[in-house]
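Dear colleague,

Please find the structure below, handed over for your study. A short account of what was found in it follows.

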4 protein chains.
Amino acid sequence: MTAMEKITYRPVRDELAYTFGGRMPVAHLCSGDVLEVFTEDCFGGLVRGPADLPSQVCSMPYLNPVSGPFFVEDAEPGDTLAIHIASIVPAREWGVSSTFPHFGALTSTSHTATLQPPLEERVWVYGIDRQAGTVRFHATETDHTVDLPLEAMIGTIGVAPGGMEARSTIVPDTYGGNLDAPQLRAGTTLYLGVNVHGAMLALGDGHARQGEGEACGVGVEIATTTTLAVEVIKGVPTLWPRLENDTAIMSIGCARPLEDAYRIAHHDLVGWVGTLTGLETLDAYQLVSQAGRAPIGNVCDPNYTILAVVDKALLPEPAAAYGGVHGRLRQSAAGLR
Amino acid sequence: MTAMEKITYRPVRDELAYTFGGRMPVAHLCSGDVLEVFTEDCFGGLVRGPADLPSQVCSMPYLNPVSGPFFVEDAEPGDTLAIHIASIVPAREWGVSSTFPHFGALTSTSHTATLQPPLEERVWVYGIDRQAGTVRFHATETDHTVDLPLEAMIGTIGVAPGGMEARSTIVPDTYGGNLDAPQLRAGTTLYLGVNVHGAMLALGDGHARQGEGEACGVGVEIATTTTLAVEVIKGVPTLWPRLENDTAIMSIGCARPLEDAYRIAHHDLVGWVGTLTGLETLDAYQLVSQAGRAPIGNVCDPNYTILAVVDKALLPEPAAAYGGVHGRLRQSAAGLR
Amino acid sequence: MTAMEKITYRPVRDELAYTFGGRMPVAHLCSGDVLEVFTEDCFGGLVRGPADLPSQVCSMPYLNPVSGPFFVEDAEPGDTLAIHIASIVPAREWGVSSTFPHFGALTSTSHTATLQPPLEERVWVYGIDRQAGTVRFHATETDHTVDLPLEAMIGTIGVAPGGMEARSTIVPDTYGGNLDAPQLRAGTTLYLGVNVHGAMLALGDGHARQGEGEACGVGVEIATTTTLAVEVIKGVPTLWPRLENDTAIMSIGCARPLEDAYRIAHHDLVGWVGTLTGLETLDAYQLVSQAGRAPIGNVCDPNYTILAVVDKALLPEPAAAYGGVHGRLRQSAAGLR
Amino acid sequence: MTAMEKITYRPVRDELAYTFGGRMPVAHLCSGDVLEVFTEDCFGGLVRGPADLPSQVCSMPYLNPVSGPFFVEDAEPGDTLAIHIASIVPAREWGVSSTFPHFGALTSTSHTATLQPPLEERVWVYGIDRQAGTVRFHATETDHTVDLPLEAMIGTIGVAPGGMEARSTIVPDTYGGNLDAPQLRAGTTLYLGVNVHGAMLALGDGHARQGEGEACGVGVEIATTTTLAVEVIKGVPTLWPRLENDTAIMSIGCARPLEDAYRIAHHDLVGWVGTLTGLETLDAYQLVSQAGRAPIGNVCDPNYTILAVVDKALLPEPAAAYGGVHGRLRQSAAGLR
């Protein structure tokens, strides 16, 4: 690891990216560097009140912008990029959510197509109180309000896909992307397989919080200042996105139908548990079957996401994942603050 | 409510039931009664060690026996039966799990049919330590062991379906059945719509614990002594199974593909939240989208199950669900101990 | 085979059945007998014009009545029942179709649940001209009409399921039921595995015709006089419904999601082709992959149906299926006319 | 339309493309031109016998090469590109098929992930007799052979996607791509919405024939000389791929699960029928429900494909689709021969 540097990046509007892949880098990082990056919200900051209907103020396909891509020196296909999320700070005192025509789990969509008219498009504005750690919901048709915990997360983070592809930032897949998993919060390390020279890391789509599945298709969308520490793990491939925090390891599956997301995530976790513990495959399958959790990320994006999670404390003498990089990055990020 | 009585029932082998519906009652209950019932494990107690392969020692379709049905006086179609789970006590010092040919999430099955040979059938025996509150996993191919928390649950509980149907106890659906949801533990109240005169409640398939999704298709299967308190809520229909505990309300969806289970559960929860709070429908959709959780029950049974859950503390001034029956039953059950 | 007899049966209203399984037989048949049976339409004949909205004139769950069950002498679990459809004659000069709230492929449903209001319920009345062989469509909102070919079929036909189950006649599954496959027309032989003593054959739900998938959930529904010839094939089990006509063999899969119906049907057909030709499994897989057709039955019922079909002429020297019973029954039915 | 020209193109190996989008054009066409193009088979011509296992002789992701893209003058976003397939001539006297690890409908895959080992990888070589119009299947484990009809088709044809995306040629979607529909044969006109300036048409992946669903994941793969006539329809958008031949119109849906492909295709066809006939939406839904066919393209690619088809003869006085371009292009292509 080279001497750690802190890179700060704030995109101007024209620099925002709408694909993973197919873009030139906006900056270079070295393994071990810390990156502080401003991310716009999924509406490019254009939805600020009830009158700003997303389908009117946003121009397709300019939705869900990401900051980047960042070229990571020495990252090559076949390596893994470890990305530790040190902090996610909401950049404004409000967030927004909405319904959106033909998008979301409880509506007909472009793919689950029906002959009914779409649900009404509507915007909700949330107040964010960083001190109190709350996000305030206001009903639109009645006077109800309620405070929900502020649990800031990054909805979209990924590297360039392989095979010369460029994919919309709305999509989650093997290379990350619009994973929309609440577990992508401060204290978590994300592992992504590198598909192209330089990895081409990018991120955006912060949420002050979201429910599991992101039922209406939109979280409490926020701009953020996010701090990451990255490290390249040479010669170790990673097929699907993985997460690690102090207590658990997690595999992410992205697919339709939703059961295939479950299968992918659990197939990957069974293999990972086998590698870390030395358990034979069916033994690892059995242990994950009794000890695992399966939180849902999204049930609205082009691919749905499910995580397969197991607590480290429920594994028999596990080795450190990826040579202990999670602990290393967490410490170096902590040292910086 | 009539004076509470405690009914105790222990089936002899020939009394075990393999369907919901199509059976005569084994006993009668009144609204307000407490029932203490012995339940056999899903293998009928016939799998006791590594040599007892389920496909050999069990005869199809005699799997997943339930105790009952119990005729509940005064329960009529259009009513709701509230069933509070007061306690679930493992009846033996061991539990078993297994793989099973063409069953489970990470194998080809009778429906996700492939041309590959099935996975090897294998049995795992777990030690249960009620004092320590642990379930001990032993690997079969290596020497690994690890203790998991004992979190006893009822896998299968339901009433007779409507329309003169009788359904295998392997199936979860609107009337309950093989829900395989870890939330069905002591302290929880289950609400089921009544479809036939007397409701015809039955239960079985205890698990010392299970992971979310029950990946391999089998939990840590146990016989139990389970104590329930029941109450009939007259004139209030319930479409899909619902749960309540001290902190949360939950709707259960049962379907394939898995996203339809998500849709059913969230559609039901949005309506329930609207009823309890007075929120308009899209406002309730928005709140559930940000505040909800979506734990998975099973991804292996004929219908998959997902729960939509919201904490009562995240709802604006909710009314008590079903007139506060959960608190009432919890208290009366507590008084009994 | 015993001497062939012709049994005629016309149910009175109270005899109509709404489940497969769980019913006493209405008549007995012997292997080799011919049965002429009147079947009501799926609405019990209660929808006769635009004002007869099905959700108002029908009482749930009294939909999709079948005539039967018929006890077939000598049919035992492990046998196969061959049912040759000799003729299907529309019983009236009209048929009806409709939309139905929350049912159909292009609407949200009870399972693909959304928050939108349902599509409008509406009835279409078709004129049936047996001489001309046409079914006349009349638009409801404009003056358009068009003649479609009369291609009468039986939508629902099956035997009792196993495991002491009784299933709604709306459901298709291993035992047949609401298959809604246009291939179930005169000249076709259906093979069903026998699950209970006497098989308990029943049928109904004639369609003057239907499109593939039955998109709106309802065909051109008719009452019929249907003539069948049956034969018990001893000691030969059949797992999923199979069809045979003069030119092709077909396997039927019933499942959700739709790809599992495809998998089941093709898995079964690959095995059947292997049995009839002596081709090794992967060779049979390869041949079916290039020579097979996969017509869709329904994409609206509780299980969707797909057929896997291969022309006998594209199989290398196939043996006669089920010992040539199709040809035998076709001849004996022809002799009767 | 400008004076028709015939452009001939034969790619050298380095010119083959593996994405739709993200590529520079290899040639320019004008509206009205005829293109004669050589297409390689899906294995790049590298699989020529039983010893050439695809996973060994091909390097990922260099599979399924297409010839192009061709820049079509005057094609702009919001237009439709009509592509008439005049002829598809197999370029060699053989074709190949294979199983491929973790690909196909009757095997576990990367997404329907299981813990079983993959099916054996194996190659089948077919003899193609253009005179006789046959494709000869040879079993690999026995001596069986059988002749199947030669029904040449183009598996992969599309334009660049929008939103700055570049997609692998393995994928079918709104812009066409790996549709794998047997209907893409000589005599058919394909309509694709234009997403980028110049449309960027490309094609490849000929099949001598394939079964519906392409069960094993691979057709009878051939190199071809294919002749197309193209026309730009200005100011008329097309959302999903559509087909027209002399007797029928067809809409194509691409999605997982398979029922969503059905929904997309039928939703589009209902709208198209309404536009061509003046039928109100529910009337068009009803007519398609009774008159439509739903042939399956593939059940193996990243998106599955289903077509919704209706015969022109079953529509009441339909207008000519897209102003009659199908007839025009068919004639001009015929004139050229």
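**Overall form of chain A**

A compact globule of 337 residues would have a radius of gyration near 20 Å, and chain A, with 19 Å, therefore agrees with that expectation. Please bear in mind that this is a predicted model. Taken along the principal axes, the box filled by the C-alpha atoms of chain A is roughly 55 × 45 × 45 Å.

As to secondary structure, chain A contains 21 strands and four helices. Contacts that link distant parts of the sequence are frequent: of those in chain A between residues at least 6 apart, 78% join residues at least 24 apart.

**Interior and surface**

Of the 337 residues in chain A, 67% count as buried, that is, they have under 20% relative accessible area. The area that chain A exposes is about 10,500 Å², of which carbon and sulfur atoms supply 52%. Chain A carries 38 negative and 21 positive side chains, and 3 Å separates the centres of these two sets.

**The two copies**

How is chain A superposed on chain B? A rotation of 180 degrees, with 0.0 Å of shift along its axis, achieves this with an RMSD of 0.0 Å. The two copies are therefore related as by a two-fold rotation axis. Within chain A, the C-alpha nearest the axis belongs to A:Leu258, at 2.7 Å from it. Both copies use the same surface, since 100% of the contact residues of chain A recur in chain B.

With kind regards

Conventions: Residues numbered from 1 in each chain as written. Chains lettered and ligands numbered in written order. Predicted model: local features only at pLDDT ≥ 70, side-chain atom pairs only at ≥ 80, totals over all residues. Heavy atoms only, no water. Helix = DSSP H or I, 4+ residues; strand = E, 2+ residues; numbered from the N terminus. Rg over C-alpha atoms; globule rule 2.2 N^0.38 Å. Buried < 20%, exposed > 50% of the residue type's maximum accessible area, 1.4 Å probe, protein only. Contact = heavy atoms within 4.5 Å. Areas by Shrake-Rupley, 256 points an atom, 1.4 Å probe, with all protein chains shown as cover. Lys, Arg positive; Asp, Glu negative; His and termini not counted. Charge placed at Lys NZ, Arg CZ, Asp CG, Glu CD. Least-squares fit on C-alpha atoms with pLDDT ≥ 70 in both.
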